Amino acid sequence: MEREAHAEAATGQSEEQWMDSRAPVLRDLTESGRFPNFSRVVGAFEDGYDLNLDALFAFGLKALLDGLTPIVEAQPTAR
């Protein structure tokens, strides 16, 4: 969020204004057919998107903790 505030102060454009100014380039990329995966991702945001930082944090934390669970729950090996 700090970077966004800095970018907005430096450019005088909000994130939404910046994205709107890049729309023609994104449209050209998606319509070219050269980047089908990119086109699918962009197509998923046709109606916009809401950046839910709490959900992103929870998602990342869950992945981290799920990855550590086998290590924490492992039984010490007998020597």
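Is Asp 20 buried or exposed? Keep that question for the second stop; the tour starts with the whole chain. The model is predicted.

**Whole chain**

Select the protein chain and colour by secondary structure. Four helices and zero strands appear, and the order along the sequence reads α-α-α-α. Next, look at the extent of the C-alpha trace: along the principal axes the spans are about 65 × 35 × 20 Å. The radius of gyration of the protein chain is 20 Å, whereas a compact globule of 79 residues would have one near 12 Å. Colour by relative accessibility next. Of the 79 residues, 1% are buried. A surface calculation on the protein chain gives about 7,400 Å² of accessible area, with carbon and sulfur atoms accounting for 59% of that total.

**Helix 1, helix 2 and the negative patch**

Select residues 2-11, which are helix 1. Helix 1 has 10 residues and zero of them are buried, so this helix lies largely in the open. Move on to Gly 12, which follows helix 1 and has a positive phi, near 75°.

Now select Glu 4, Glu 8, Glu 15, Glu 16 and Asp 20 together; they form a negative patch on the surface. Two elements, helix 1 and helix 2 (15-32), each give two or more residues to the negative patch. Helix 2 is the one that gives the most, with three residues.

Zoom in on Asp 20, a residue of helix 2. The opening question can be settled here: Asp 20 counts as exposed because its relative accessibility is 52%, and the cut-off for that class is over 50%.

**Charges over the chain**

Zoom out and show the charged side chains. The protein chain carries 7 positive and 14 negative charges, and the mean positions of the two sets lie 12 Å apart.

How many salt bridges does the structure hold? There is one. To find this salt bridge, select Lys 62 and Asp 66, whose side chains meet at 2.6 Å, N to O. Both residues sit in helix 4 (residues 53-73), and because they are four residues apart, about one helical turn separates them. An α-helix has 3.6 residues a turn, so residues three or four places apart point the same way. Check the accessibility of each partner as well. Lys 62 counts as exposed because its relative accessibility is 51%. Asp 66, at 42%, counts as partly exposed.

**The nonpolar patch**

For the last stop, select Met 1, Val 41, Phe 45, Tyr 49, Leu 51, Leu 53 and Leu 56. These residues form a nonpolar patch on the surface. Their accessible area together is about 770 Å². Zoom in on Leu 56, which is found in helix 4. Is Leu 56 exposed or partly exposed? The answer is partly exposed, because the relative accessible area of Leu 56 is 47%, and a residue must be over 50% to count as exposed.

Note on methods:
Residues numbered from 1 in each chain as written. Predicted model: local features only at pLDDT ≥ 70, side-chain atom pairs only at ≥ 80, totals over all residues. Heavy atoms only, no water. Patch = residues over 30% accessible without salt bridge, like charges linked within 9 Å, V, L, I, M, F, W, Y side chains within 5 Å. Areas by Shrake-Rupley, 256 points an atom, 1.4 Å probe, with all protein chains shown as cover. Salt bridge = Lys/Arg side-chain N within 4 Å of Asp/Glu carboxyl O. Lys, Arg positive; Asp, Glu negative; His and termini not counted. Charge placed at Lys NZ, Arg CZ, Asp CG, Glu CD. Buried < 20%, exposed > 50% of the residue type's maximum accessible area, 1.4 Å probe, protein only. Rg over C-alpha atoms; globule rule 2.2 N^0.38 Å.
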